[in-house]
Structure formats: structure tokens, C-alpha cells
Amino acid sequence: MLRQSEKVILAGLITSATQGPSDNALDELENLVISAGGAVAEKILQKRRTRDPAFLIGKGKALEIADIASRSGSHCVVFDEELSSTQQRNLENLLGTKVIDRTRLILDVFAKRAKTREGMLQVELAQHSYLLSRLTGRGREMSQQWGGIGTRGPGERALEYDRRRIRTRIQHIKNDLDRVRLEREVQRAKRLKEGVAQAAIVGYTNAGKSSLLNALVASKRSSSAGEPGPAWADERLFATLDTMTRRVYLPCGLPILLTDTVGFISKLPTHLVTSFRATLEEIRWADLLIHVSDPACPDEIRIHRNAEVNKILKSLEVNDYPQLQVFSKADLVPAGSNERLIPGASGLWVSCKTGEGLDKLLAAIEKRLLASWGRAEIKISAHQGHLLALVYKVSKVLNFRADGKGG
């Protein structure tokens, strides 16, 4: 993990297979470093036809980075790609500094942000899965350990011992997560029993999802004793990792459950997607997805980020769920300006700071949900008042008529 204010050099690679905008390609990596507590001293972007199997960016560029690190007093180089164990070993030997890849950096940020038991278990599972795939080729310390005179013979390799120890820990974590998952399923079953509609807020990290949840809750009710506190919101990447659900009331008076989810990011490590699958599966129970985008970033970056979000939603098999596009941080883009005419996109503009568009968003959520519900005529006897109360609680009553015969 990065030390506080540790000087860091960023290194990126652009090839013919690179997807996404090339301009400011290392800006997101810089934000990750800042979130991890580091300080960026230099950014270096290398363009090659293909990845170098030995040094990723090529030996010549790696030597150039070594010289920059020496002159700037940097003791860490962060690469915007996932390095193989061979590439990392070669780069560390050549640069003479600590080398971290994008995956390890994201894992470090997640480790700092995890607060709940479930979040910490999920991060630890991802860290051990990452480490397990990188144990090979660690050099002399992985040499054969021989037993002494009178023993049963050769001892086991340290590599095999480490692998078994990590696999054992992974299994223990999975068992703990299974218990947490059962608790989550019990909570979910209670919510489903209430018959209340659910909506999930999804989007790129730092798009304003937690702020939107807090603003919607505050717009329709004030906090009182015994109610859960607001979701943690911060400008840093991955400020919140834990799924949070709050009850919000629509204009018609019906309640819905809004769930804030962990933010997505480009090149999201497979270990994290796997580890956080139990949390992300909350999305699969939603009746509606609220896709939050940051309109303040350039169009090319916004389109790329939306594509990354949709890619992850597809992996969760929820890409065909009903979606509402929401552009947050409207206070940063003046009303009536050309910047609000986003090409090829239509959505609602909201500001969590000024409250702009929140009522329109709740009305749009209500419209989308009611359109997906069926209509039914229900006859309830006069002595079944509890059923009538339930109907009013979980549905919108379009017409009520008493027949004068106790029904």
C-alpha cells in the first residue's frame, strides 16, 4: 500500500487494441493514487504497437522511467495496466523501485474504504485471489526446502505451502461471506414480502450516486431518531463500497426502496467483480435502474464510462432492465447552455446541491414503475380492512367504490 504523500510516477501504455479516450489517459489513475494517499510526481505515456512481454512498455522506456525516478526521488512506479508476475519482477529489478499495477492500486483503495464486515471480507477475498495468481517465479525464497538427517525426506516447497495457506484462507472467507449472504437474503425476503418496488442507483465511480440517494431521501422526509444515517458521499473515488438501501416516497405517496451500489471503473479487476458479486446481485432484484452520469466530463470520456457501466451490467445479466438516465451535478453546467445538449443522449438533469430536477426524477420513477405494473379490479369485504390497507400501501388505487352490500 502507498505511504501517505509518497511520491509516485505514473506509467501508461496505448496500443492499437486500447479502448477508450487516449487524451488524459492517466488522469483516472492519478485520482486513484490520490485516493490511496500518494502524490504524483510525473506522468509517462508510452505508445507501442503491442505490449512488451518482458517490460510492458519496452526496456528503453523503462530505463527512461528509472532515470526520472532517480532524479525526482520517487520510490514507486504505478502502471495503468495489470502486470504479469514476470513483468513486475523485471521492472522492479530494472527500476530499483516499488512497482504497483492498476489492479493492486484499486485493491489498496478498496481496502482503505471498506468499513463493514462484509466489505472487508470481500476486499480480503479479492486481495488473496490476486496474490494467489502471482506466487510463481518469486525467486530464491521459493527454492526447495530439504529436511534434515533422520527426517522423512524432502520438505515441501515454500511456494506450495504459501498456495495452500492462501487457498485455506480464501475458503474461510468464502464461508464467512456465505453466512453474510444468508443474512442479506433474509433481509431481501422481508423487503419482498412488503411488496415495495425497488430501484438501484448504478454508475461510474464518483458520478454522484450516494449524493443522489441522500438528496432524494432528504427531499421527501426529514431524519428523525432511530432512522439510519445518510450514505457517505465524497469526491474521492470509491468513497463508499457498501450497498445501502433507503425508503423514499413517490409523489403519489407510494414508497420505493432505493439502493446505492458500489461505483464501477474502467479495467475493473476480475477479482473485485467476483468478490463483490453478492453485493452487486442486489441490482438483480431491482424493478428499475437509475444510471447516473457526470455530464461535467468531456463527451468522449462520458461515453466511454457509460459503456464500461453497461458492460458490467451485462455481466450481471441486468443490461435489459428498465433504465432511467440521470445527469448529476447539474449545478456545474448552467441551464440553457450548449453543454446541456449532450449528443445522442436524453436524460434528466439533477443537482444534489441545489435540488434542481429531484421532483422531476421522482415523477419519472413513478411513471416508469406504474407503466410496468398491471391493472386489476379487487373486491374486498367490509370486514377485511387489513387487506384494503395493504392494497393502498403497495399499489396506486385508481378508483374506489363501495357497493353498499358490505363489499
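Buried residues account for 44% of the 407 residues in this protein, and keep in mind as you click around that the model is predicted. With everything shown, you're looking at twelve helices and ten strands. The accessible surface comes to about 21,500 Å², with 50% of it belonging to carbon and sulfur atoms.

Now select the sheet. Four strands make it up, in the order E2-E1-E3-E4, and this open sheet is paired in parallel. Look at its edges: E2 (39–47) and E4 each have a single partner strand, so one side of each lacks a neighbour in the sheet. Tilt the view and you can check the twist, as neighbouring strands are turned by 20 degrees against each other on average, direction ignored.

Zoom in on E1 (residues 7–14), which pairs with E2 in the parallel sense over eight bridges. For one of those spots, pick isoleucine 9; its bridge partner in E2 is glutamate 42.

Next, add helices H1 and H2. H1 (residues 27–35) lies across E1, E2 and E3, and runs at about 150 degrees to E2. H2 also lies across E1, E2 and E3, this time running at about 160 degrees to E1.

Last stop: H3, residues 85–95. Which of its residues are buried? Show Gln87, Gln88, Leu91 and Leu95 as sticks, and there they are. Look down the H3 axis: these residues fall within an arc of 95 degrees, so they line one face of the helix. To see what covers them, bring up helix H2 (59–72), strand E3 (76–79), strand E4 (98–101) and helix H5 (117–132), which are among the covering elements. Then step just past H3 to glycine 96, where phi is positive at about 70 degrees.

Technical notes. Residues numbered from 1 in each chain as written. Predicted model: local features only at pLDDT ≥ 70, side-chain atom pairs only at ≥ 80, totals over all residues. Heavy atoms only, no water. Helix = DSSP H or I, 4+ residues; strand = E, 2+ residues; numbered from the N terminus. Buried < 20%, exposed > 50% of the residue type's maximum accessible area, 1.4 Å probe, protein only. Areas by Shrake-Rupley, 256 points an atom, 1.4 Å probe, with all protein chains shown as cover. Arc of directions from axis to C-beta. Contact = heavy atoms within 4.5 Å. Pairing = 2+ DSSP bridges. Axes fitted to C-alpha atoms, helices over the stretch in contact; angles between N-to-C directions.
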